[in-house]
Amino acid sequence: MRIALAQINTTVGDLEGNAGLIVRMAERAAAAGARLVVFPELSLTGYPPRDLVEKASFRERSQKALEDVARAAASLSTALVVGYVGDSDSPLGKRATNSAALLSGGKVVFRQTKMLLPTYDVFDEARYFVPAERQELFELDGRKIALAICEDAWNDKQFWERPLYRRDPVGELAHGGAEILVTINASPYHMGKRALRREIFATTARHHGLPVVYVNQVGGNDQLVFDGSSFAMDPQGNIRAAAASFREDLVVFDTAGDGERHDSFPDECDAVYEALVLGTRDYIRKCGFSRVLVGLSGGIDSSLAAAVAVDALGPENVTGVGMPGPYSSEGSVTDARSLAQRLGIRFELIPITPIYEKYLEVLDPLFTGYPRDLTEENLQARIRGAVLMALSNKWSALLLTTGNKSELAVGYCTLYGDMCGGLAVIADVPKTLVYKLSRIANQRHPEAIPESVFEKPPSAELRPDQKDSDSLPPYDVLDRVLKSYIEDYQTPQEIAREHGLPLELVTDVINKVDRSEYKRQQAAPGLKVTSKAFGMGRRFPIAQKYTE
């Protein structure tokens, strides 16, 4: 059987636009000779729809859109598997279902509802959906096909040491006589995720002796970036067809042979860079913006954010703004200007020293008896934030924040200052990874980031001769501690032992992380690229007394 994997980029809530995209892709699949074309999880509504599913009107329009797609594809020789939000007839619990339908001959001929509803990390599906009590196979051209929706296929007891659920929907469908496994997904990207998926489904294919068709959503929706990377496997777990990563794609797979294989950024650093570009482009486009602003300090973080913005939107839609203050070095201004010229973006210079001095003139009578301290440092950052937000409002351009994960973790950032903005492009990128991604940026834009930016010690330049190392451990040390604590939930003692670090240093870092929760919950949404990002997937209380 020839099966097309339709990896599409949907917009949450754009039912008409998503439906049109599905029909156009189905027409391409039919022209390629596919008998079945498979779309991602909730492809009609976009994923994740979150509280939209609480609206009865949304559920009704989702099902109407499904019927519209069926009618529009009625003349095609290709059957379609499409994800949608359904309405439950259960007298208990929620009203919505996470469902998929088989469309053929202008009608809905089969429906399947998701059974396992994830509630970990960024997922909260039990909040919204009613789970299926049972599932069935469908037949197409005499072949029995198992249809699994995302999590239903991720609970293989042969793979996980501690499965999350008692039920194994794929195992149940396989024992019912399935000949092909089709799984539709909205699986967000993080580093290492693509390899993990292939390991999981290779185990499933071999265990059940079934070919596997895995179709994943692509595109950015808020903080989540979906990489696509759809694939098809033979019963031995070998890849026989593969879609591209980080772009829409259509590949056709013949269960009796091979299929197409497209490029997928095998190097993980390249993949992270591409995820940031895709996430930035889609956030801006789907929120109705076309232009962005970036505050350029001459440092590595803002340089990387600017390069990503250029790759996402084109240089004509990016403006860099330098804002030297009383402690800014001449090299910082020179590096910022050079970066803008090499990237081909507009550059504006707005010195903030006169504004800062006027602020001090007004505030100093109230500051009498107090020494100069962090207050005056933060004031400079907040002036810059106000300037950038004024330009953002006047020019209708979204402001991108440029803070990295390491800084955000320990609170080395200023509320209503450098945290101002609509999207935090690199908020899930540790500082050490920022340098690696900046080298990739320079491969794509030769020598755009000056070598001096890589070599200079990181500094906020808010007081004389300031360096990040005055307040923080070296970033290679800090990032190891942060990964162990934030992503692996290790204790200070475990971290100190594993990395051979002083317990006092580790404890100090962890205390900084815990005390900065109030800042992070006021930050702009950041694009998730690690296994545990700040934001929707990490939910800690602000007012609490537990400490490590």
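The paragraphs below lead through a predicted model, taking its sheets, a hairpin, a pair of helices and a few single residues in turn.

A good place to begin is the open sheet of six strands, whose order is β5-β4-β3-β2-β1-β14 and whose pairing is mixed. The edges of this sheet are β5 and β14 (249-254), and each of them has a single partner strand, so one side of each is left without a neighbour in the sheet. From one strand to the next, the twist averages 30 degrees. Within the sheet, strand β2 (residues 36-38) and strand β3 (residues 79-87) run parallel and are joined by three bridges; L36 has A79 in β3 as its bridge partner.

Two helices can be placed against these strands. Helix α1 (residues 15-31) lies across β1 (2-7), β2, β3 and β14, and its direction makes an angle of about 40 degrees with β14. Helix α2 (residues 56-72), for its part, lies across β3, β4 (96-104) and β5, and runs at about 165 degrees to β3.

Following the chain on from β5, the reader comes to E133, which is located in the loop between β5 (107-113) and β6 (138-140). Is E133 buried or exposed? Its relative accessibility is 66%, and because the cut-off for exposed is over 50%, E133 counts as exposed. Although E133 and L116 are 17 residues apart in sequence, their C-alpha atoms are 9.8 Å apart in space. When neighbours within four places in sequence are left aside, E133 is in contact with M115 and R167.

A second loop residue is S187, found between β8 (180-185) and α4 (193-208). S187 has a relative accessibility of 3%, and therefore counts as buried, the limit for that class being under 20%. The side chain of S187 makes a polar contact, at 3.2 Å, with the side chain of K193. Beyond its neighbours within four places in sequence, S187 is in contact with several residues, among them W154, Y214, F226 and D227.

F226 and D227 lead to the hairpin of β10 and β11. Strand β10 (residues 218-221) and β11 run antiparallel and are joined by four bridges, and G220 has V225 in β11 as its bridge partner. Two residues lie between the strands of this hairpin, where D222 takes a positive phi near 55 degrees. In strand β11 (residues 224-227), L224 and F226 point one way while V225 and D227 point the other way, and all of these are buried.

Another open sheet, with five strands and parallel pairing, has the order β17-β16-β15-β18-β19. Its edge strands are β17 (346-349) and β19 (423-424), each pairing on one side only. Strand β16 (residues 318-322) runs parallel to β17 and is joined to it by four bridges, with E348 in β17 as the bridge partner of V321. Elsewhere in the sheet, β15 and β18 pair in the parallel sense over three bridges, and V294 stands opposite L400 in β18. L400 also has a bridge partner in β19, namely L423, and β18 and β19 pair in the parallel sense over two bridges. Both faces of β18 are covered, since L398 and L400 on one side and L399 and T401 on the other are all buried. Helix α9 (residues 374-395) lies across β15 (292-295), β16, β17 and β18 (398-401), and runs at about 165 degrees to β15.

How two helices meet can be described in a simple way: the angle between their axes is given together with the distance between the axes. Helix α5 (residues 268-286) and helix α11 (residues 431-444) pack at an angle of about 80 degrees, and their axes are 10 Å apart. The two helices α5 and α11 are therefore roughly perpendicular to each other. On the side of α5, the residues that meet α11 are C269, D270, V272, Y273, E274 and L276, and their counterparts in α11 are L433, K436, L437, I440, A441 and R444. Sorted by class, this contact has eight nonpolar and four charged residues, and no polar ones.

The last stop is R520, in helix α16 (residues 517-520). R520 has a relative accessible area of 8% and is buried. A polar atom of the R520 side chain lies 2.8 Å from the backbone oxygen of A409. Apart from its neighbours within four places in sequence, R520 is in contact with L408, A409, V513, F534 and R538.

Note on methods. Residues are numbered from 1 along each chain as its sequence is written. This is a predicted model: local features need pLDDT of at least 70, side-chain atom pairs count only at pLDDT 80 or more; totals for chains, interfaces and linings use all residues. Side-chain values use heavy atoms; hydrogens and water are left out. Two strands pair if DSSP finds at least two bridges between them. Contact means heavy atoms within 4.5 Å. Axes are lines fitted to C-alpha atoms, for helices over the stretch in contact, and angles run from 0 to 180 degrees between N-to-C directions. Angles under 35 degrees count as roughly parallel, over 145 as roughly antiparallel, 65 to 115 as roughly perpendicular and the rest as oblique. Ala, Val, Leu, Ile, Met, Phe, Trp, Tyr, Cys and Pro count as nonpolar, Asp, Glu, Lys and Arg as charged, and the others, Gly among them, as polar. Buried means under 20% relative accessible area, exposed over 50%, partly exposed in between (1.4 Å probe, protein chains only). A polar contact is a pair of N or O atoms within 3.5 Å; within protein, one must be able to donate a hydrogen and the other to accept it, and residues adjacent in sequence count only if both atoms are side-chain atoms.
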